[in-house]
Each structure stands twice: as C-alpha cells, then as structure tokens.
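Student: Please take a close look at a single part of this model, namely one enclosed void, and then place it in the context of the assembly as a whole.

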Amino acid sequence: MAVYILRRLLLAIPTFLGCTLVVFFIVQLAPGGPLEEEIRALKMGSGGEGGGISQQAGSVTALPQDAMDILKEYYGFDEPLWKRYPIWLGVYPRKIDRFLVVPGVARNIGDGKSVIVVQNGSNYTVADAANPTVPLEGWKVRSYKNDKGEQKLQIYKEKFSGILTLNFGKSHKYNEPVLNLIQSRLPVSIQFGIISLILTYTFCVYLGIQKAIRHGSPFDFVSSAIVFVGYSIPGWALGAVMLVVLGGGTGIGLFPLGGFQSQDYDQLTLLSKIGDRAYYFVLPTISFCIGAFATTTMLMKNSLLDNLSQDYIRTAFAKGLKERRVIWVHAMRNSVIPVAANFGHIIGIFLAGSYVIERVFNIQGIGKLSFEAALSRDYSILFTFTVITTSLSLIGSLLSDVILATVDPRIRFK
Amino acid sequence: MFFRKSKPQSDQKIPTIMQRRWRKFKSLKRGYLAFRVLSIAYLLSFCLPILVNNQALMISYNGQWAFPAVRAFFVELPIVGLIVSSKTYQGVTFGQENNTSECRYRDLKVQYQQQGQGNYVIMPLYPYGPRDIVGAEGVKEDVFSKPLASTSDGGFRLFGTDDSGADVFSKIAYGFNISISFALLLSLIEYLIGVPLGAALGYLGGKFDMFMQRVIEIWASLPLLFLIIIIVSMTKPSFGLLLFLLSIVGWVGITTYMRAEFYREKAKDYVAAAVSIGIPTWKIMIKHILPNSLVPLITFFPFTLIGGITALVSLDFLGFGLPPGTPSWGSMISIGLDHINDGYWWLTIVPLTAMFFTLMLTVFIGEAIREAFDPKVFSRLR
C-alpha cells in the first residue's frame with residue numbers, strides 16, 4: 001500500500017509540472033498582462049504633456065527607458081520566456097536586490113549600507129563602500145545594453161525563490177502577498193465545501209437506499225422526478241431562482257440577497273453567530289449540493305439494486321435472515337464501494353469553490369478571487385490557484401483509489 | 001406520430017438488437033415523448049424567422065413586393081444560408097420618412113392602414129424580434145414591459161421585454177435554437193476527436209497510450225474555464241471560437257470511455273479470431289469492435305448535450321460567451337440578475353425556466369436511452 005501511494009505520488013509530479021506549465025505559458029503569452037496595465041496607468045498619469053514628443057526613433061512609449069526596465073524586472077519580464085517557469089517554480093535562481101550602478105561611485109542599497117563597484121580591466125567586483133579593497137560575497141555584476149542601446153551596469157544577488165520554497169508571489173492588484181489573500185478567502189469556500197459535502201453524502205446515501213428498497217413505488221417515482229429536476233438545472237441557476245423567489249429583492253424576503261454573514265457579525269453572541277451563519281448559508285449550500293446530488297443518489301440506488309438481485313442475497317434470504325440485516329449488512333457493504341470511490345473526485349470540486357455560485361451570491365470566496373484575477377491578469381493569484389486546484393484534483397484521484405482499496409477487500413495494490 | 005411503426009414483414013424475422021432497443025425506447029413513454037417534443041421544437045426553431053420576427057413576411061408597396069422575413073429565414077438555414085446573402089431594407093424604400101436605417105415594419109403597417117392607399121404589410125405570427133431594441137427615438141414604455149403587456153400598436157408581449165426593450169419571448173425562442181445547435185455541434189466534434197483517439201489508445205496501447213494518458217491527466221486537472229476566459233477576453237468571441245475552445249476541452253471524457261471500451265473488447269475471443277484469420281487492424285477496429293462499443297457512446301450522448309448547453313449558458317452568463325447582441329439564455333439571466341432588486345422577476349425566471357425545461361427533456365431522453373440499452377432487469381426476492 002505504502003509503495004503504491006509513493007508510486008502514485010511520483011507519477012503525480014510530471015502531471016503537476018505539465019499542468020502548471022500549460023497554464024503558465026498560456027497566461028504569460030496572453031496580452032494585457034500586469035506590465036501593459038502598469039504602463040497604461042503610468043501613461044494616463046502623465047498623459048497631459050502629450051505623447052507626441054518622443055524623439056527616439058522606433059520607440060512608441062513615452063516612458064523613460066529606466067522606468068520601463070524597472071517595471072519589466074519587477075514582473076520578471078526581463079528574463080526570456082523559457083527561464084520564467086523554472087524561476088517561478090524555484091529551481092532556477094531569481095535575481096533579487098538589483099541596483100543600477102556606475103563603476104567607482106558608491107551606491108546606497110538601503111539599511112544604511114552602500115556598496116561600490118570596482119572595475120578591474122573587464123572584470124567588476126562589488127565591495128563595501130567604506131572598505132573598497134575587500135570584495136563582498138554573494139553579489140554578481142551584469143553588464144548589458146538596454147533597448148535603447150545604452151550600456152548599463154547592474155549588481156544583484158541570486159536566490160532560489162519560487163512555489164517550491166513557498167514563495168507564491170505578490171498580487172499586483174491588491175499589492176499583498178498571495179498567501180495572505182488566499183488565507184483570508186479560503187475559509188469561506190472550505191466551509192461551504194465541507195458542509196455541502198457532508199450534506200450531500202448523508203442525504204444522498206440514505207435517499208438512494210430508500211429508493212432502491214422501494215424500487216418502482218410512488219415514492220421512488222416522485223423522488224426520481226425531483227432528483228432529475230435537480231440534475232437539469234445548474235447549481236448557480238437554481239441559486240439565482242431561489243434568490244429571486246426567496247430573497248429580499250422581489251421575493252418574499254426569507255433569505256438574504258447574498259454575502260455570507262451580517263455586517264454586525266463580530267458583535268453577535270456565539271449562538272446568534274451560528275444562527276447568522278446558517279441564515280446566510282442555506283441558499284448557497286443548496287446550490288453547491290445540487291450538482292453532485294443527482295449523480296450520487298442514482299449511483300447509490302443503482303449500485304444497491306444491482307447487489308439486491310445477486311445470488312448471495314437470495315442465499316441470505318433463503319437461510320432465513322431478516323430483511324433489515326440482509327440489506328443493511330450484506331448488500332450495503334458491497335453497494336457503498338462505488339459511492340465511496342467517487343468521494344475523492346468530488347472533494348476537489350467542492351473545496352476549490354465555484355466562481356459562478358460565488359458570483360451569484362456575492363460571496364468573497366476563493367473562486368471569486370481567482371475569477372477576478374483571471375480578468376485582471378493577476379498572475380500570482382492565477383498561478384497559485386492553479387497550484388491549489390491541480391493538487392486537489394491529483395490528491396482527490398489518489399484518495400479515490402485508496403478508499404476503493406480500503407472498502408473493497410477484493411482490490412489489492414501491486 | 002413522429003416515427004411510424006413499420007409492419008414486420010414476416011413473423012419469423014428476429015429483430016436486430018438495435019431494433020429491439022429502439023422498440024424498448026419507444027415503449028418508455030416519458031423519454032419517447034420528451035424525444036418527440038424536443039426534436040419537433042428544434043426543427044420548428046429553424047422556421048423562427050417566419051414565425052417570430054420583427055421583419056415583415058410580405059410587403060406590398062406601390063405595386064412592388066418584398067419578403068424580408070422569408071429572406072432572413074433562408075439566411076439562417078444551415079447550408080442554404082451560405083448562398084443567400086442577407087439584406088436590410090431601409091425605411092425610406094417603403095415610404096417610411098427620414099428613416100435610412102432598417103425599416104420599422106410594425107410602424108409601417110400602422111402607417112399603411114392610416115393612409116389607406118392599398119399598400120399592406122403582413123407581419124409574422126409574433127411580430128417582435130430578438131434584436132429589435134428600443135432606439136433613441138423609441139417608445140419608453142417598451143422597456144421593462146410586463147409579461148402579457150399590450151403594446152401601442154395593438155400587439156402584446158408574451159414574456160415582457162428586457163432593459164433594452166428587446167422581446168423576451170423571441171430572445172428565448174432564438175436562444176433555444178442557438179443553444180441546441182451549439183450543443184449538437186459540440187458533441188459531434190467531441191465524438192469525432194474522442195472516438196478515434198480513444199479507440200487507438202485502447203486497441204494499440206503501448207508507449208503512445210502511456211504518453212496520452214499523462215496528457216489526459218494534465219488536461220483533466222487544468223483550470224480550463226479560466227483559460228477559456230483569458231483566451232476569449234483577448235480575442236473577439238464568436239460561435240466558432242467558443243465551439244473550438246469547448247471542444248478542445250471536451251474530448252477527454254469521451255476518449256476515456258472509448259479507451260476503456262476498446263481495451264476490454266480487445267481481450268475477447270472474437271477479436272482474437274479476427275486477428276488469426278488476418279483481418280487488417282483498422283478493419284477489426286471499425287467493423288468488429290466499434291459496433292460492440294457503441295452502447296456507452298449512445299447512452300453518453302444526451303449527457304454531453306446537457307454539458308454543452310450548460311457550458312454555453314454559463315459562459316454567456318459570465319460574459320465570455322457569444323458576441324453581444326446574440327440572443328442567448330446566459331446573457332438574459334445575467335441581465336435579470338442585474339435587475340434583481342427592481343422587481344423585474346420575469347427577466348430571470350423566464351430564461352431559467354426555458355433552460356430548465358430543455359435540460360429536463362434531455363435528461364428524460366437520456367434516461368430512456370440508458371434504460372433501452374441496459375439489458376439488466378432488476379428483480380429481487382423478499
């Protein structure tokens with residue numbers, strides 16, 4: 001078992017890399033990235049002087065070249081495309097603490113320190129400004145020509161810093177580390193996910209069993225109709241209907257129009273806090289559940305029906321066992337296998353949130369965050385979200401197989 | 001009846017398995033009824049330009065005749081539409097003063113009746129079109145009119161109008177045709193990619209299979225909706241682009257099914273027999289295995305259809321779907337939710353109900369097909 005899990009985890013690595021690679025390149029190649037947005041914002045800010053006076057031939061932008069370079073470096077666009085991915089992963093050194101310098105002139109690098117670059121033929125060494133004879137460790141020097149053809153000298157340090165070192169970057173829209181953003185948004189989505197998952201499983205398994213036992217009865221027919229109604233309408237669409245009919249706007253005002261807690265939530269007592277949460281949770285939770293509801297119920301029903309027509313059930317009845325025991329002990333043990341195995345696949349869908357449902361109910365969850373990030377090309381958030389969803393999906397499918405082996409004694413891993 | 005039962009030619013003839021399945025399908029009342037309703041509605045929806053349109057069926061003006069709606073009907077037909085070019089008639093051509101943009105046919109009808117010079121206009125059954133919005137000079141009451149509200153020219157709006165004064169019923173009707181066409185084409189493309197690929201993977205196996213399995217795994221874990229949003233937002237959205245994007249996403253499901261099916265069938269004796277008498281591989285795959293793996297393909301179809309409709313509606317709802325102005329259910333729901341606090345309930349409820357009924361009919365068909373193809377009869381002892 002341990003060997004199997006280890007092998008699956010190893011196989012997950014290329015999938016993870018491939019998945020993030022595809023997303024990384026599509027997003028990076030798409031126009032309208034943060035750099036272009038920033039340039040546009042800066043141009044708008046200094047737009048009063050009229051952009052037509054740029055004298056340099058071949059250059060359309062009115063921004064100074066140095067400012068452009070700093071922006072490019074800030075977003076990592078100065079590196080060639082193929083290098084950006086390993087840098088983002090953290091397996092290729094990232095350039096940090098970059099400063100443009102002039103040889104022989106001291107340069108302040110913050111913290112009250114300053115350095116000086118000493119030219120030695122074609123070699124450069126970086127030294128402390130107070131003591132120019134002793135070179136400083138860790139600094140590198142790069143001499144390059146910028147787009148205008150001017151010779152520039154830059155000093156920098158190198159550091160492995162990427163998602164493997166848990167550096168998820170900074171959101172350019174919120175100007176905050178992505179981890180903080182995710183930390184503030186994830187709990188809401190996870191709460192919805194876990195509650196929906198528990199509700200779906202308890203309710204669907206029970207309903208499926210009842211439907212199988214009473215196969216062909218009016219109860220079976222009516223509940224089938226309801227289940228298919230649920231299947232025919234996407235969760236967010238059902239949410240929209242419920243908002244219109246039951247919400248505060250045009251409807252009867254039974255439930256709030258969106259959000260996930262009252263404005264005075266922090267002042268409430270514990271009991272009314274729970275009540276408040278429940279009040280806001282009802283409609284979104286129903287929308288979340290409805291998607292997996294029909295499939296799980298029918299899976300449970302068909303699987304139990306399948307087992308009930310098997311010979312070993314006939315034997316169990318023949319030897320005089322009570323119906324309760326035959327169904328709940330003999331048949332159930334074999335019937336929950338496919339339902340349990342489906343758990344892993346569903347878990348990813350629930351935990352990653354749903355941008356559409358979160359949009360309908362105006363919930364500040366992770367789905368909405370990443371949807372907005374996709375709109376504003378907030379690279380760091382998008383890539384982090386990709387990492388989360390990919391990992392969840394890979395873990396989910398592994399979990400499914402492990403559950404399958406645990407509940408079904410016939411399956412052995414080799 | 002839509003499909004007439006043919007008389008059996010002789011009593012000895014045993015029906016083929018497909019015939020038996022078809023009979024079983026027809027005996028399932030709910031599914032068969034849903035099948036007939038949906039297919040008739042879809043075929044009928046191609047006649048929408050002559051049934052529900054703001055363009056006139058026929059105009060007689062000073063002895064000259066024109067048929068704008070009939071022309072629109074031919075333009076919107078699948079293949080004929082490529083030959084016939086569309087044409088907009090200016091208002092001035094028919095004596096509508098100072099109107100060089102498209103003719104307002106309903107006003108023209110009133111105008112002719114008042115003039116009484118023998119000119120006449122025949123409007124379609126429901127004289128409001130999906131793109132027929134209130135312009136700057138239009139009547140203000142036509143925006144947000146309630147369901148069944150009567151209009152100034154004596155007609156009525158079945159499901160009211162939306163924020164731009166477009167008729168909700170005609171948008172629903174045209175949106176139905178677009179949704180079903182989109183889903184059908186999408187499923188077709190997915191099948192065209194998924195079936196051969198899945199068959200090759202399952203039958204040939206080997207390194208190619210190993211490699212493609214990884215690709216499929218990657219594909220299945222991608223946040224594809226985001227990628228679609230990014231790609232759509234940097235290009236001009238169109239029917240074809242959406243079809244392309246959703247089909248490069250959708251082939252994975254059907255490929256996996258086909259692969260499993262071919263993998264299982266390959267191990268059976270009849271395949272070994274076919275190989276041993278020297279039948280070429282492609283022939284074994286197409287003539288021998290494919291007919292035996294059709295069951296999941298056919299039972300899967302209604303559900304790919306549902307997936308296609310839902311995907312299009314969701315993308316439209318988020319604003320990354322068909323180009324603005326196209327009558328689509330998703331954008332209608334989005335408009336409705338924007339006005340959720342203003343009491344215009346029909347803007348949300350009507351498109352949602354339309355989508356719900358369409359999807360429900362499809363689910364019924366799917367369930368019936370599954371039952372017709374499933375030889376299992378549940379029996380239990382008490």
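Tutor: A cavity here is a set of grid points where a 1.4 Å probe fits but cannot get out, and its lining residues are those with an atom within 4 Å of a point. The model is predicted. By this criterion, the structure holds 2 cavities of 30 Å³ or more. The second largest cavity encloses about 40 Å³ of space. Its lining is formed by B:D162, B:V168, B:M332, B:I335 and B:L347. By class, that lining comprises 4 nonpolar residues and 1 charged residue, with no polar residue.

The interface of chain A and chain B provides the wider setting. Contact between them involves 55 residues from chain A and 46 residues from chain B. The two chains bury about 4500 Å² between them, and carbon and sulfur atoms give 76% of that area. On the side of chain A, A:F228, A:S232 and A:W236 together supply 13% of the area this chain buries against chain B, more than any other three residues. Among the elements of chain A, helix α1 (residues 2–29) gives the most to the side touching chain B, contributing 9 residues. That side of chain A has 37 nonpolar, 13 polar and 5 charged residues. As for specific pairings, the rule finds 0 salt bridges across the interface of chain A and chain B. Polar contact, by contrast, is found there for 2 residue pairs, both at pLDDT 80 or more.

Key. Residues are numbered from 1 along each chain as its sequence is written. Chains are lettered from A and ligands numbered from 1 in the order in which they are written. This is a predicted model: local features need pLDDT of at least 70, side-chain atom pairs count only at pLDDT 80 or more; totals for chains, interfaces and linings use all residues. Side-chain values use heavy atoms; hydrogens and water are left out. Contact means heavy atoms within 4.5 Å. Buried area is the accessible area (1.4 Å probe) that two parts lose on being put together, summed over both. A salt bridge is a side-chain nitrogen of Lys or Arg within 4 Å of a carboxyl oxygen of Asp or Glu. A polar contact is a pair of N or O atoms within 3.5 Å; within protein, one must be able to donate a hydrogen and the other to accept it, and residues adjacent in sequence count only if both atoms are side-chain atoms. Helices (H or I, at least four residues) and strands (E, at least two) are DSSP runs, numbered from the N terminus. Ala, Val, Leu, Ile, Met, Phe, Trp, Tyr, Cys and Pro count as nonpolar, Asp, Glu, Lys and Arg as charged, and the others, Gly among them, as polar. On a 1 Å grid over the protein atoms alone, a cavity is a set of points where a 1.4 Å probe fits but cannot get out, and a pocket is an open set with protein on both sides within 12 Å along at least five of seven lines; lining residues have an atom within 4 Å of a point. Grid points are joined across faces, edges and corners, and a volume is the space filled by probe spheres set on the points.
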